[in-house]
Amino acid sequence: MTPRRTSLPLRTAAIPAAMALTTALAFLPTTATALGRDGHAAAAATADGPSLSYVVNTRPGQDPSRIRKAIAQASGTVVVSYDRIGVIVVHSANPDFAKTVRKVRGVTSAGNTRTAPLPAQSTDDIDTPKLLSEKQRQAVAAKAKAGQDPLEPLQWDLPAIKADKAHEKSLGSRKVTVGVIDTGVDDTHPDLAPNFDRKASVNCVTGKPDTADGAWRPSAEESPHGTHVAGEIAAAKNGIGVTGVAPGVKVSGIKVSTTAGFFYTEAVVCGFVWAAEHGVDVTNNSYYTDPWYFNCTTDPDQKALVEAVRRASSYAERRGVVNVAAAGNENYDLTSDTITDPSSPNDTTPGDREVDPSVCLDIPTQLPGVVTVASTGAKGLKSSFSNYGLGIIDIAAPGGDSTVYQKPEPPATSGLIYNTLPGGQYGYMAGTSMASPHVAGVAALIKSTHPHASPWQVKALLKAEADDLACPTPYDIDGDGTADAVCEGGKRYNGFYGAGLADALDAVEK
């Protein structure tokens, strides 16, 4: 099975309905103006095209007023300028805007962040989370052991990484905050409210921070994805619902997706910069940056997007942030010579294109310094959908899989991941989207244990403390006699699991 996603960029996989419970978001296996001698545009450009959003990347130390003047002459309007990393977000209806400003002295790259006019075209979620009835929830709660939250028996993912044992020693520090860069977080949820960090929360959808009260929350029409991710990280151990991997740390909502579910470059840049400057210790990134699944550095527009997000994520790391990201759900070998990408650009009309993943990058997942997470199922095997690749995957964690492929031990019944949803609800989802927050939670526990550890040290401990997982030989997840993927590497490090399965117990003990 090779699951594909819809036009939405979330790292949530679809499990066929005949094989498993419904998941939250079913992704199927988805003429330039002349320049003057000073580098300015010689005359104002004609704005006669659709209004698009752009990033303009500048060399450090450049005079921003001079470049802003050139932007204006090219019929651009500055939305926000992140001078500390040299990234400017611009709106323009000039179809030659990027081509024009690339010639301005001090501009290193520029490109449009979308192919649809502002605002982005709407798409629909295909499915809704699978919920349990009240009767079913009561039946589960009756099986909870002493010390467990009522719905914790459904969370096979916690003992898989020894989080249940870790909680006997430490729940994590209130001084540590994990920023959920995602679709928004419902901080009114009873399992999230006790641990929510309002000061570190924001809406970054336009590329410019919006700190209005509740701006970080998803509306009823928007994806529950970010709320599910937040619960996996830090749902409180409070006798209500479920438990997070690090139920004693704080979690913030950094909303970067449009109502239609698109994660555009300007929003992602804003999210990383916000995290860097508002006390966030770890970010979770369970998405890819729209509209291109892979951003080819051989294309001038896509190259600019890679550069902008790279600068922002690197800035966050320099400021002490560990950035964790999901590997993706297409069962791609990210070290292969070519990959067929049928989903880009996903905000207008996608079409098949052959890409070389060594120069066409999934961002932020493949950026330097980012912890790339693969997904495992209830039997500890690579999830049927999880991307992989030797030298790409850093670590693995539970993200769920079809119950037919990997069935958990009782009392858990589903091979998917059960956690928080907006409106005080709970439900199942699956994907590398769900694996990544497990690692973010373990990173938060490491940071709690070693409060002065640098991002490099936290990442080193994540890998050193991970439990070795050898390559399955062969990897025939559906049992049809044909290998579904090829794992390269040894027991201690390989293309399916990286350094191994994240270990929450070691995170609080070592």
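**Exercise 1. Which residues is S436 in contact with, leaving aside its neighbours within four places in sequence?**

*Solution.* Start with the cut-off: contact means heavy atoms within 4.5 Å. Leaving aside neighbours within four places in sequence, S436 is in contact with N284, N285, S286, V324, A325, A326 and V373. Next, place the residue: S436 is found in helix α9, residues 432-449. Helices here are DSSP runs of H or I with at least four residues, strands are runs of E with at least two, and both are numbered from the N terminus. Then check one partner by distance: the C-alpha atoms of S436 and A325 are separated by 5.8 Å, although the two are 111 residues apart along the chain. Last, the exposure: S436 counts as buried because its relative accessibility is 0%. Buried means under 20% relative accessible area, exposed over 50%, and partly exposed in between, with a 1.4 Å probe and protein chains only.

A word on the model before going on: it is predicted, so local features need pLDDT of at least 70 and side-chain atom pairs count only at pLDDT 80 or more, while totals for chains, interfaces and linings use all residues. Residues are numbered from 1 along each chain as its sequence is written, and side-chain values use heavy atoms, with hydrogens and water left out.

**Exercise 2. Where does G369 lie, and what does it touch?**

*Solution.* First, the location: G369 lies in the loop between β13 (360-361) and β14. Second, its surroundings: not counting residues up to four places away in sequence, G369 touches E317, N323 and K459. Third, a distance: G369 and V322 are 8.3 Å apart in space, C-alpha to C-alpha, and 47 residues apart in sequence. Finally, since its relative accessibility is 29%, G369 counts as partly exposed.

**Exercise 3. What is the strand order of the open sheet of 7 strands?**

*Solution.* Begin with the rule that two strands pair if DSSP finds at least two bridges between them. The order is β6-β7-β5-β8-β10-β14-β15, with parallel pairing. The edge strands are β6 (202-203) and β15 (395-398), each of which pairs on one side only. Now zoom in on one pair: strand β5 (residues 177-182) and strand β8 (residues 282-285) run parallel and are joined by 4 bridges. Within this pair, V178 stands opposite V282 in β8. To finish, add a helix: α10 (residues 455-465) packs on the sheet and touches β10 (322-326), β14 (371-376) and β15, with its direction at about 45 degrees to that of β10. For such angles, axes are lines fitted to C-alpha atoms, for helices over the stretch in contact, and the values run from 0 to 180 degrees between N-to-C directions.

**Exercise 4. In what order do the 4 strands of the other open sheet stand, and which helices pack on it?**

*Solution.* Take the order first: it is β2-β3-β1-β4, with antiparallel pairing. Here the edge strands are β2 and β4, each pairing on one side only. The twist averages 20 degrees from one strand to the next. Helix α1 (residues 64-73) packs on the sheet, touching β1, β2, β3 and β4, and its direction makes about 150 degrees with that of β2. Helix α7 (residues 265-277) also packs on the sheet, touching β1, β2 and β3, and its direction makes about 25 degrees with that of β2.

Now follow the strand pairs:

- Strand β1 (residues 52-58) runs antiparallel to β3, with 6 bridges; V55 stands opposite V89 in β3.
- Strand β2 (residues 76-82) pairs with β3 over 6 bridges, and V80 stands opposite V89 too.
- β1 and β4 are joined by 5 bridges; T58 stands opposite V107 in β4.

One detail of the hairpin of β2 and β3: 4 residues lie between the strands, and G86 takes a positive phi near 70 degrees.

**Exercise 5. Is strand β4 largely enclosed or open?**

*Solution.* Count the buried residues: 5 of the 6 residues of β4 (residues 107-112) are buried, so the strand is largely enclosed by the rest of the structure. For strand β3 (residues 87-92), 5 of its 6 residues are buried, and this strand is mostly covered.
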